Each structure stands twice: as C-alpha cells, then as structure tokens.
Amino acid sequence: MVIDDLTEIADKERAARKRYTIRCCMAAGCMSSNSKGVKEALEDAVNQAGLQQMVEVRGVGCMKLCCQGPLVQIDSATAGATFALESNEVGPLYQKVTPEDANSLVSTLKGGQTPVQRGDPRHPFFSAQLSIVLANSGFIDPERIESYITAEGYQALHDVLRELTPKDLIERIIKSGLRGRGGAGYPTGLKWATVGKAASQQKYVICNADEGDPGAFMDRSVLESDPHSVLEGMAIAAYAVGANQGFIYVRAEYPLAIARLHAAIKQAKKYGLLGSGIFESPFNFNIDLRIGAGAFVCGEETALMASVEGKRGTPRPRPPFPAESGLYNSPTLINNVETFANVAPIVRKGAEWFAGIGTEKSKGTKVFALAGKITNTGLIEVPMGTALRKIVEEMGGGAPDGGKIKAVQTGGPSGGCIPAEELDTPVDYDSLTKLGSIMGSGGMIVMDETTKMVDVARFFMEFCMDESCGKCVPCRAGTAQMHQLLNKILAGNATTRDLQKLEELCYMVKNTSLCGLGQTAPNPVLSTLRFFRKEYTDLLMPDAFGPRPNAVNGTGHAAAGRNLAPTEGVPSSGK
Amino acid sequence: MDRLRVSTVWLGGCAGCHMSFLDLDEVLIELAARIELVYSPLIDVKEYPENVDLCLVEGAVCNEDNLDMIHKIRARTKVLVSFGDCAVTANVPAIRNQLGLKNGESVLQRAYVEGAQAMGGLPQEPGIVPALLDRVMPVHEVVYVDYFVPGCPPPADHIQAVMNQVLSGAEPRLQGAQLKFG
Amino acid sequence: MAAKTLTIDGKQISADECATILEAAADAGITIPTLCHLEGVYDVGACRLCLVEVTGISKLLPACTTKVAEGMEIRTDTERLIRYRRMTLELLLAERNHVCAVCVANGHCELQTLAFNQGVDHVRYEYCFPKWEVDNSHALFGMDHNRCLLCTRCVRVCWHIEGAGTKNVSGRGAKARIISDLNQPWGTSDTCTKCGKCVMACPTGALFYKGSTNSEMERDRDKLEFIVTAREKKQWIA
C-alpha cells in the first residue's frame, strides 16, 4: 500500500457514487428500533421502483438524534433534486421510520409525497454541533474501509510515517492541547512523551473502550460509526511511542461495536494499513481485541491491563504507572476511544487548528451522550467551553412536557450533579471540577423537578457498591455502609448523626481508596449534599436517642450527662 | 455521704458479665461503701428507678421488652455504659441476624418445635413472653451510649478499672488490650 | 546499595534505597499498622491501614508499596490517619460476622489486636450480618468466610511460597470471596498440597486447623519466615 493506492480507492469510490444516497442509521440505538428492517425495506423499494442505478441505500453510523430513531436521510449528489435540500448536499431527515414507510420515502425521489415525520436539520441540536470525532458518523459506511478512505481516512497515518519523526509527532500532539477524553483529562501529548521516552524493546498501545458509566454511549457510537478512526489514531500513537502491538479493550455489552471492530481490523490488515511495513515503512503495528466481561472497574487502567493479561481485573497501586510498567510489565500507552479518534484530524489539520477550538485549558470538542429528562436525547459534539445551558436548553430542547430542569449530572458514578443555577457554567475540565463534578467520559444525564436527589445519590452509590472489585477495604465495605446510610435516610429513619457519619465516610473513602472507582464513588453524594443538602435534612427524623439533658432529674446540659465528674446534682463520690 | 446511684441491667445476654462483676470479690465490699446499687438482677427491685447516675447494660437488644427497657433506662439514667460484648457488638445473640428477615420465627421454630422433646409448640403468651425483634442490635444502635466496656465477659480487673475511673471523677476510658472484644 | 535519608514522625532515619516506607519504619522501630502485608510475599496495598502522609503529596500513600525517597517527610500519626485507621477497622468489623467470643482465633487475631490498639471500643456502623458458609470439606483445615478480611495473604502464600495456586479470589465487592481451585469445596481440590501455609498466614480465624477449639489458634508464622529466609538468603535458621 502506498499513497496512490489510497487515492485510487477513494477515486473509485467517488466515481461509483449514485445520484441519491439514502443514509439509514445502523448504530445500536436505531438498530434496536428495527433500522435494519428499514434499510432492507428501502433496498427492496429502490429495486421495485427500478432506481438501482440512481440510488444507493447506505447503512451509516449514528445520526445523533437517537430519541427519534430510526433515522433516515436522503442526499443528492447533484442539484435539481426532486425535493428541497436542507443545506449543501444534505437532504431531508426522516424520523421514526418504519419498514412500511420505505415505498413512500423512495417515491419522493420521483416527486412523490411521504407522510413520514420530518426532522429539522437546522435545529440547534444539529447546527450548534462541531464535529471532529463524529465528523464521519452518520455519513460513511462503518463496515467498509473504502468509505473511510474516501473521507481522507489513513491519510494522516501515511503522512506521519512519511514526514514526521515520533518526536515531532508528539510535539504536535502536545501543541494541540489534546487532553484525555476518558475523564481525568491528563494531557495526551505528555503521556505519549513519557511512554516514548521509556527504554524498552517492547511497548504497547491500549484503547480503553470499556465505557461503563450509566447513561454514557459516546464511545460505543464512535466504535460503531467510525471504527477506522480509532484504529488510525492508535497506529499513529504506536508510531509516536514505539509500540508494535495494540489492544482494544471493549466491553462484551457492545456486540455491534465488537463486530465492526473485528471487520475493520480485518480490512485494514488486508490493505496493509495494519501489520508489517505499513505504507512501505519499517513501522509494524497490529491490533487485537480483548472483550471485557462486564466489570465496571476494568475501565480503570491497571485493572484493565490485568484483565488483558487474562488475570482477575483488579487495580493495583500506582506507581509504577502504565507508562513505565504496564501491560506485561512493559511501558504501555492507554488512551480512551475518543482521544484516539481525535488524533488523525489533529495530524491532518494541524495542532493550531485544534488548539483554536475550545477554551484556554480545554482544547477541541467533547462528545456528550444527552440522556434523562430532556426532549432531544442523543449524541452531541460541541466545542469545549460551550455553556451547559446552551447544551440542555437550546440543543437538548429542555425538559419534556414543559418540565423544569433541576440539575445536570456529568461524569456518571464518579461525577456530580450541577444545579440549574449553575447552568451558565462552560463545559470544560476545570469549570466542572470547580463545581465538584467532573467532565468524565461524557455522559450527561438531565434531571427535572420530579427527580429526588437523594435517590440519585443512592442509585450511583448502589452502582459503585456492586461494581467495587472488593480488593481494598474502604471501597468494598465503605460503599456498602454509605449505601446503607442512604437507604436509612430515604426510609426516614436517619438522624443528623447518620448524616454526619455519611459525610465522614465520603471523605474517608475518597481519601483512602486504592483506585479511581473508590476515590470518586462518594462524589455523587458530596455534590448533592453541596447543592441539595435540604433534600437530605428534610428526610431526617429528630435525634430522640442522642445525647440530651436528663429529663428526669433536670440537671441540664448534655455535658453533665456524659461526664461523671462531680457537678451540680451528681452526688460527689468517695470524698 | 451521698453514694453514686448505680444500676446494672441484663438484656439479651448470658449473665456472664454480671458473674464477672461478682468476680470483683472483696472489691465489692469497698464499692458498696461508695455506690448504691439501685436496680440490678442481683437485688430485688421491680421498677427501674428515676435519677440513676450510672447504668451498666449487659446484653443485646433482642426483643420488645429489651427495647422498652433500654428506652426507659436512657430516659432515667445520666451515664449509660455498654457492658460486655453483647451490649457493645450484639455478639452471640445477633448470630441469628445472619438468617435474614423473619429469623425470630425460624429460631423459635428450631428451639421449641424441632428441638422439643415433648409438647413442642411456639411460646405465645402475650404480655408475658415478649416478641423477638427482627434484628438483634447492639445497645448503641438503639439509644445513645456514653461509654463502652467490651469483653466476653469483661474481666473483673477491667470492671474494677472502670469503676475506679468513675469514682475518681474521670471519664471511664479503657485503653489497649483492656478494649479487647471477646 | 545507596542509602536514603528521611524522617518519619520527626525522627530522622536512613534506609536502603529499595526499602518501602513500611520496612524503613519497622527498622526505625516505628510500627505502622497493616493487615494485608506479610513478610515474604509481595504487597498489594489492599487494607489501606498503612496509609501515611508525605509532605508535598496530597494523596495518602500506602507504606507497604511506596518506596522511600531522599528527604521524604513522612507522618504516620496525624489525627486524620488515626481516624481513618479506626474507620477502616470498624468497616471491617461490621462487614462480616466477626464474633470474637466464639472464634478459634480469639486472643490470637490480628484484626482483634489492631482494633484495641487503635482504640476501637465499639463499631459505629450497622453490622451487615451477611450469610456465609464454612468450608469444612478439607481433611486438615477449615475456611470460615465469616471471618475473612480478603487480605489475600492466603492466595499469595499459596501461589508464591508453596507454588500450588489453589487459593484465589472470586466475585466482586462485598460478595468477593476466597475460593479453592475452580470454586469447589476445598477438600476436593486437586492442587492443594495440604501444606498449611495459608493457615499460617491468615490474620484472623478464617483459616484454621481442624480440631483447635475456641481461643486455641496459634499460628506457625515462624515456619513461613524460615522458608522465605532459606529461599532468599540461603540461610537455614530454625
């Protein structure tokens, strides 16, 4: 494979393009509403109408507005379509499409009408998005590498191998300001540099695709919609740090992502874009999949590596950090799916371009999975620094049925609840941390006035309790006790002393747990206590059993009841 | 000379802690000069009196009687001491908690029906035989407890140490191995 | 080997550069409490009792897995550490069914000893009272999960001193438990060599010699040390 081959594939693909493209979402969300049936019906309808030469029905990745799926969009390659184009080549968006709608949809290509509900591609949900990671999502066919190549795929890998030394490449990533998208936000370039500097014959690159936060589906969508962008990012990273073997650790709950990754790796190997002597350079790189067995803690990097090695997935103390001693005791680079998906665009368009997007300390865009009590549920990608209010009110359309938004939860079980008063906060790493939440991997759960915050805290605590690996005491036993205390509060059986106990445990578990799971497990409680303390105290009962004045002999204050030193009313003893 | 008004109570436990108290032997005579035992299984007083300075509670809270009693004690006592492991940890009486909810029923079934040698039947005498609680609890789970004297039973010298601290006006705080459970 | 100079609780000491804080402190006569650490096997940093404060580092560090460094200022006795230690012990005591009064290890138990040394006079958290089985299927030893702390000492000695690999951990969270082979009754294990090292290593009464009654349980911890010294230093000191 040389660059000409790549161009040839893209040219051939473009030449084969038909006048109309009917894009049908084939990501997990729409597939669960039978988009596969829709796609087959559309193909049949095209055949029946005898339009095979004019129309391509293409299965694509996530089209973002998941709540209205299955989604279908019709594009025209030339002007003079039989329907009004929304913008450029992008045609009308159809929502909640059923297989029965196929004939009428195809009929619009011949001037017919369709009763199918139309979406508004100019709605802020779409227009306020800025797509880097999701640029191909919903447009290319994730099951065909040619489709990715046509979208400039693997150009960046070629350019890097031909034109950049690993050192320059790392320099470029550092300059771009890219930070890890898995949650902690560590500067990606610095991580690469550390692994690059490590002296070892054997190094590894791992893609963390063990997306486990409840309500989060960004990484799943990227893997389902554009798997090659992750493979390319990993290959570029491997070249930068000097690794020749990569692993993608993806959870078993994502069968479609796994299937598409399998197919993508196979195709990339076939074209020589993975394997030995990539682009006729001395660079070798292979990627294997490792399937997680459903443990949240395996998203923690040291547990993940143990699991890749075939061991029980439990974290170990750091240092040593993976960059020094990771998988099989070799220096290992671990990045998240979205981080890798950012790499090829940065290489293609330059560090300055990327650094020009976002805020001073948080560059680029971030993908969020909008879920919960919000009108437009789905996937959005916005520049860092976008105000939360813009995301939930303008793009998300606010709470459904005229409800009032009460809080937005970010960062899943490790994050916190941001109250409605703070909605003007820009979404970037530092602002969210200041509010006691975290950016996290990108789950964004909107809550309305009917949501009880103590319930929310208990939900996440239960999650952490169940997902604790059981290795260290504070996380294993502490989450269980915090859960029990939250139950007690919700049952109305708790007193102020129970609330104090809960808070004390929160800080203890946060400060003493071995890994990130335990260290962040108290965050949902702490943040709801910070902004919604009254919801807790309203549930408390009077402390009837507490230290109190002795009602019978009336000696008064609590201290006298606790200390037997001779005081008023207490018989002095033994004098 | 006013003596300290002291009570001892026996909730769900084996009375071993009281036995250990009696193991104070000759110290008991010295104590008698300085404390007045106003309520105890060791003396014949029917009603828990008012205005008690110090109460040593032996045993866990196992049944409704225990529950009423400990509330009454807390209301009428200045300083409450959990005395022995059953009071401090719920100990052996709480082993039935492992059987889950409704364990009271299955425990009685086992003891009075399955294990009966003659005339098996569940004891039912409302007003006389108190109902078992669903969950056996250490005393501090029910009322505020001021001090703790663990041990099964607490050895006599630990009890003596506590009594000396109390009588000298200090806080009864045991330390180190004197705090040993079991 | 180079030496490092550091202070622990204000006391200036020097320690070998590969020593952990725990080892350095022990050499200096400062005891840092721990339950999962065992001489002779690698450390896992699981019990969190040995956490210490190091000046300039915001996180608490486990003394058992943190190496000493030049100029380190370590504190093992701050109010916060003492409070956390006590809480950790209370969490452990509330987690399973630790009934000292009826335990074979009563009086010979590291959890019990640590609890009174750290001033635990009662447990503020509600006892969980989980239902756990006792595995009495082995001819010589028993395993009472009610008393297990999941310190994994038994797993480590089984794999790394005996090399049998019988013991392991299964399940997660509060349901995590020590298993034999493929989660089968210990007595049916093909790999167990009946060496008893797991029993020697256990800090509580979870693993016991059959036939020992309440409070009888003395451990042959010396035997483990003998083997480790013999292996590492080639010295056969009985």
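This report walks through chain contacts, the nonpolar core, two helix pairs and some backbone oddities in a predicted model.

Residues are numbered from 1 along each chain as its sequence is written, while chains are lettered from A and ligands numbered from 1 in the order in which they are written. Since the model is predicted, local features need pLDDT of at least 70 and side-chain atom pairs count only at pLDDT 80 or more, whereas totals for chains, interfaces and linings use all residues.

**Where chain C sits**

Start with chain C and chain A: the contact takes 26 residues from chain C and 23 residues from chain A. Contact here means that the C-beta atoms of two residues, placed from the backbone, lie within 7 Å. On the chain C side, helix α2 (residues 79-95) gives the largest share, seven residues. Helices (H or I, at least four residues) and strands (E, at least two) are DSSP runs, numbered from the N terminus. By class, that side of chain C has 16 nonpolar, five polar and five charged residues. Ala, Val, Leu, Ile, Met, Phe, Trp, Tyr, Cys and Pro count as nonpolar, Asp, Glu, Lys and Arg as charged, and the others, Gly among them, as polar.

Chain C also meets chain B, with 19 residues of chain C in contact with 24 residues of chain B. The chain C side of that contact splits into ten nonpolar, six polar and three charged residues.

**Two helix pairs**

Helix α2(C) turns up again opposite helix α19 (residues 473-490) of chain A: their axes come within 9 Å and cross at roughly 65°. That angle makes α19(A) roughly perpendicular to α2(C), a label covering 65 to 115 degrees. Axes are lines fitted to C-alpha atoms, for helices over the stretch in contact, and angles run from 0 to 180 degrees between N-to-C directions. The α19(A) side brings Val473(A), Pro474(A), Ala477(A), Gly478(A) and Gln481(A), and the α2(C) side brings Thr88(C), Leu91(C), Leu92(C), Ala94(C) and Glu95(C). Together they divide into six nonpolar, three polar and one charged.

Within chain A, helix α10 (residues 218-225) packs on helix α12 (residues 255-270) at about 35°, with the axes 8 Å apart. Arg220(A), Leu223(A) and Glu224(A) of α10(A) meet Leu256(A), Ala257(A), Arg260(A) and Leu261(A) of α12(A). The tally is four nonpolar, no polar and three charged residues.

**The core**

The largest nonpolar core holds 294 residues, and Leu42(A), Ile206(A), Ile236(A), Ala237(A) and Val57(B) touch the most other members. Such a core is a set of buried Ala, Val, Leu, Ile, Met, Phe, Trp, Tyr and Cys residues joined through C-beta atoms within 7 Å. Helix α11 (residues 227-241) of chain A gives the most to this core, ten residues. Not counting residues up to four places away in sequence, the contacts of Val57(B) include Val9(B), Leu11(B), Ile73(B) and Phe83(B).

**Backbone oddities**

Two cis peptide bonds and two positive phi values in residues other than glycine are worth a look:

| Feature | Value | Loop |
|---|---|---|
| Arg318(A) to Pro319(A), cis | omega near 0° | α13 (301-308) to β8 (332-336) of chain A |
| Cys152(B) to Pro153(B), cis | omega about -5° | β7 (147-149) to α6 (156-167) of chain B |
| Tyr154(A), positive phi | phi near 65° | α6 (145-150) to α7 (155-163) of chain A |
| Ala90(B), positive phi | phi near 75° | α4 (85-89) to α5 (103-114) of chain B |

Tyr154(A) counts as buried, because 27 C-beta neighbours lie inside 10 Å. Ala90(B) is buried too, with 29. Buried means 20 or more other C-beta atoms within 10 Å of the residue's own, with C-beta atoms placed from the backbone.

Definitions and conventions. Buried ≥ 20, exposed ≤ 12 C-beta atoms within 10 Å, placed from the backbone. Parallel < 35°, antiparallel > 145°, perpendicular 65-115°, else oblique.
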